[in-house]
Amino acid sequence: MSYTIYQSACDLQEHVCQILKENHCLHTLEHVLKVANQAKLMAIQWHSDVEKCYQAALLHDISAIMPRNEMYDFALQQGWQIDQACQKYPFLLHQRISAWMASQYFGIDDEEVLSAISCRTTLKREAGDIDMIVFLADKIAWDQSGIPPYLELIETALPVSLEKACWIF
């Protein structure tokens with residue numbers, strides 16, 4: 001992959017789409033676009049940075065191009081400290097790997113964007129609005145078939161606050 005400075009969200013979207021297509025990750029591509037659109041809508045609703053939310057959502061699953069069975073070894077090669085949850089469920093590393101790829105291959109250096117990517121599966125203590133928006137957008141536009149079983153609860157809590165919707169999840 002090449003390092004690119006993006007002039008617009010459309011350029012980034014085009015590059016993400018191209019890479020996911022080239023790596024036969026069409027299901028992930030469909031999911032990423034849904035999450036990005038959901039994140040954009042939520043950013044507008046919550047007066048957050050639309051561009052940052054959109055970028056983070058576009059890149060949140062870019063690690064799908066890496067085989068899951070290589071993620072743990074990759075993390076070890078990077079010298080990352082791996083907590084018990086990731087040792088037990090190595091797939092959780094995909095969020096950190098996606099943030100790493102966003103930085104290394106896409107030139108993203110905005111800490112809020114990288115934070116939202118790196119915690120979008122599990123969230124984190126003292127999450128910011130962008131973290132919560134990408135987290136919730138990913139849950140709302142989930143990548144499974146059917147309707148998320150928790151969707152109604154999130155949609156009921158979301159008008160109250162991002163924090164309440166995250167807590168409900």
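Before we start, one definition: when I say two residues are in contact, I mean that they have heavy atoms within 4.5 Å. Hi everyone, and please keep in mind that what you see above is a predicted model.

Let me use that definition straight away on isoleucine 97. Setting aside neighbours within four places in sequence, isoleucine 97 is in contact with Ser63, Met66, Met71, Phe74 and Trp80. Ile97 also appears in the largest nonpolar core, which has 58 residues. Together with Val16, Met42, Leu59, Ile62, Phe106 and Leu136, Ile97 touches the most other members of that core. Which helix gives the most to this core? That would be helix α8, residues 129-140, with eight residues. As general background, nonpolar side chains in soluble globular proteins tend to be buried together.

Now let's step back to the whole chain. The protein chain has 10 helices and zero strands, so to speak a plain run of α from one end of the pattern to the other. Why can we call the overall size consistent with a compact globule? Because a compact globule of 169 residues would have a radius of gyration near 15 Å, and the protein chain has 15 Å, which agrees. If you like boxes, the C-alpha atoms fill one of roughly 40 × 40 × 30 Å along the principal axes.

On burial, 47% of the 169 residues count as buried. The chain exposes about 9300 Å², with carbon and sulfur atoms supplying 51% of that area. As for contacts between residues at least 6 apart in sequence, 57% join residues at least 24 apart. There are 12 positive and 22 negative side chains, and the centres of the two sets lie 6 Å apart.

Let me finish with two residues that I'd love you to find on the screen. The first stop is histidine 31, in helix α2, which covers residues 26-45. Is histidine 31 buried or exposed? Its relative accessibility is 5%, so histidine 31 counts as buried, the cut-off being under 20%. Leaving out residues up to four places away, histidine 31 touches His60, Asp61, Asp138, Ala141, Trp142 and Asp143.

The other stop takes us back to helix α8, where aspartate 131 lies. Aspartate 131 has 6% relative accessibility and therefore counts as buried. Beyond four places in sequence, aspartate 131 touches Glu112, Ser115, Ala116, Cys119, Leu123 and Lys124. With glutamate 112, the C-alpha atoms are separated by 7.5 Å, although the two residues are 19 apart along the chain.

That's my tour, thanks for listening!

Conventions
Residues numbered from 1 in each chain as written. Predicted model: local features only at pLDDT ≥ 70, side-chain atom pairs only at ≥ 80, totals over all residues. Heavy atoms only, no water. Helix = DSSP H or I, 4+ residues; strand = E, 2+ residues; numbered from the N terminus. Rg over C-alpha atoms; globule rule 2.2 N^0.38 Å. Buried < 20%, exposed > 50% of the residue type's maximum accessible area, 1.4 Å probe, protein only. Areas by Shrake-Rupley, 256 points an atom, 1.4 Å probe, with all protein chains shown as cover. Lys, Arg positive; Asp, Glu negative; His and termini not counted. Charge placed at Lys NZ, Arg CZ, Asp CG, Glu CD. Core = buried A, V, L, I, M, F, W, Y, C linked by side-chain atoms within 4.5 Å.
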